[in-house]
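Here's a quick briefing on internal space, cysteines and one helix. Have the structure open as you read.

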Amino acid sequence: MRESPWLSLTLRSARSLCRARFAEGQSQGPLNPSTMENGTGPCAEERPREVQETTVTEGAAKIAFPSANQVFYNPVQEFNRDLTCAVITEFARMQLGAKGIQIKVPGEKDVQKVVVALSEQEEEKVELKESENPAPGDQPRIAVVGEICEEGLRVLEGLAASGLRSIRFAREVPGLRSVVANDASARAMDLMRHNVQLNDVAHLVQPSQADARMLMYQHQRVSERFDVIDLDPYGSPAPFLDAAVQAVSEGGLLCVTCTDMAVLAGNSGETCYSKYGAMALKSRACHEMALRIVLHSLDLRANCYQRFVVPLLSVSADFYVRVFVRVFTGQAKVKASARVKFSAACGPPVTPECEHCGQRHQLGGPMWAEPIHDLDFVGRVLEAVNANPSRFHTSERIRGVLSVITEELPDVPLYYTLDQLSGTIHCNTPSLLQLRSALLHAGFRVSLSHACKNAVKTDAPASALWDIMRCWEKECPVKRERLSETSPAFRILSVEPRLQANFTIREDANPSSRQRGLKRFQANPEANWGPRPRARPGGKAASEAMQERRRLLQSKRKEPAEDPAQRAARLKTFPCKRFKEGTCQRGDECCYSHSPPTPGASADRAPTDCPETSNQNPSGLGAAAEPGID
């Protein structure tokens, strides 16, 4: 049935009026806490009161959320939230330190000095001043947790859901001026207001109900920008990146999470290109490639507004990637992005086929080619976590991950894996220390990667790496007669190595994080962990129905299991070869028939309910597959 023109015009007018009223209410200045807490407007949803609630304590926050999945919450993301609190704390220490403000974190022994580069003479002057008794007015200003700092950071959580992250910022991160917890859902808005009152942070956290993109677009003015923007959406953050790079202040911090790892890992290259502007390739280094694709996408969007990004920390963990970048403005840096930061696809710079294995090259990207971490900043975060391990529940894992990151080669993109190298030539896998020692003996640098447990990141060229693997194959020979002449293994092993590898274990081959036994790679935290289903009005009932549907469809492509009685009857229709030869010793217990064959019977007379026989011998020639199997 066609829609009448009058009805269509009325609906469009109503939507336009709704958007106009929303923009009018938001464009009059900074966010008003009283207005946001009301959450009323012409487009407001109905907000039914929830009866059943579950209380969760994480960090210093206590959160109540519906037992049904009506507002999204995933406990596995605690590592993500802990790491974000640690990063924002060090960012606040760095930003406020330039203003002469010190921050005090609960659990730290003493107030740390302001992080400022001083010369030796200036340091001596500071020591002399500290030895004297300062006047009351000369005492340094200190920002503590839970109090408003007038010169502090303005934080926006664009997709707050239950408000847990924003409340943790208010109760754990010092030096904040305000925290805006925004979500488009009316149910999430009600829940945030309840949790804000529950944690007594209404003076810092301002709940907001709005489209995150519209909210950020309305804060493009320099005076209204946020110092920290945190985006942790369900799936891809691509729709929010354009607004985010405009709404963050000069040198501000942008924190972005991507959980669409199937797209970023190369399962759908076209989808990745449409969302992030880069083609992802299926490879063992897909997790670091995902980080570099996200960084490229952020910088590409920032370049449209004469801005660029500087990565502070990029982490691949569990089922997501998380990047922390600073955003600056500079035309010269923007012009250098195309040649310096990205791997330009102006080739091919290689022959159509690989010179080692003979396979065709695949073109992916463009992606970020510069370092993905600021090792100095990572070291500060790691030092703070080591000095105060009781601050976070996941401190042990944060220490392990950041320690591996500090050991990574910053100027070497992507990595190899042990099983990839040995699997290509079908040989036994060398130990991690053996391969690292061989690379070090050959004069190359080598490191691990936090993104993969058995990764080998090295500046050695592919020719040297395959020479090392050829030398390893000579110690553990492969049966060449089983290799096809067109296989990569045959082509690689048919070349004699020009580099003689030394697999003697070196002391420096074992990294410090491995020697100390740090918790570098997380085991599965719980059963059925991973991305949780999207929050929906059906709540827990809808979630249980979805789980039941997944259970029923889990093995839908597999053939149903055959009944044992039917299988026994079917096998009895085939003669036993060993009985014909007189060697079958099972007698009546044999699963095949010991009856003499009837005249005219042949092996091609298989029952119609035997798909194996009918598929393997469609023309009725030859023996069946199963007869004669002991």
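**Cavity, cysteines and a helix**

The lining of the largest cavity is a mix: 6 nonpolar residues, 1 polar and 4 charged. Keep in mind that this is a predicted model. Below is what goes with that lining, followed by the cysteines and helix α11.

**The cavity**
- Searching the whole structure turns up 1 cavity of 30 Å³ or more.
- The largest cavity holds about 80 Å³ of space.
- If you want to select the lining, pick Glu288, Arg292, Pro371, Ile372, His373, Leu375, Ile405, Glu408, Leu409, Pro410 and Lys457.

**The cysteines**
- Don't go looking for disulfides: the structure has 0 of them.
- Cys258 is in no disulfide, and its nearest cysteine sulfur, in Cys272, sits 9.8 Å away.
- Cys258 is also buried, at 0% relative accessibility.
- Why is Cys576 not bonded to Cys590? The two sulfurs are 3.9 Å apart, which is too far for a bond, as a disulfide needs them within 2.5 Å.
- Cys576 counts as buried too, with a relative accessible area of 6%.

**Helix α11**
- Helix α11 covers residues 286-303, 18 residues in total.
- From first C-alpha to last, α11 reaches 25 Å, close to the 26 Å expected at 1.5 Å a residue.
- Of the 18 residues in α11, 16 are buried, so the helix is largely enclosed by the rest of the structure.
- Glu288 and Arg292, both among the residues lining the largest cavity, fall within the 286-303 range of α11.

Notes. Residues are numbered from 1 along each chain as its sequence is written. This is a predicted model: local features need pLDDT of at least 70, side-chain atom pairs count only at pLDDT 80 or more; totals for chains, interfaces and linings use all residues. Side-chain values use heavy atoms; hydrogens and water are left out. On a 1 Å grid over the protein atoms alone, a cavity is a set of points where a 1.4 Å probe fits but cannot get out, and a pocket is an open set with protein on both sides within 12 Å along at least five of seven lines; lining residues have an atom within 4 Å of a point. Grid points are joined across faces, edges and corners, and a volume is the space filled by probe spheres set on the points. Ala, Val, Leu, Ile, Met, Phe, Trp, Tyr, Cys and Pro count as nonpolar, Asp, Glu, Lys and Arg as charged, and the others, Gly among them, as polar. Buried means under 20% relative accessible area, exposed over 50%, partly exposed in between (1.4 Å probe, protein chains only). Helices (H or I, at least four residues) and strands (E, at least two) are DSSP runs, numbered from the N terminus. The expected span of a helix is 1.5 Å times one less than its number of residues.
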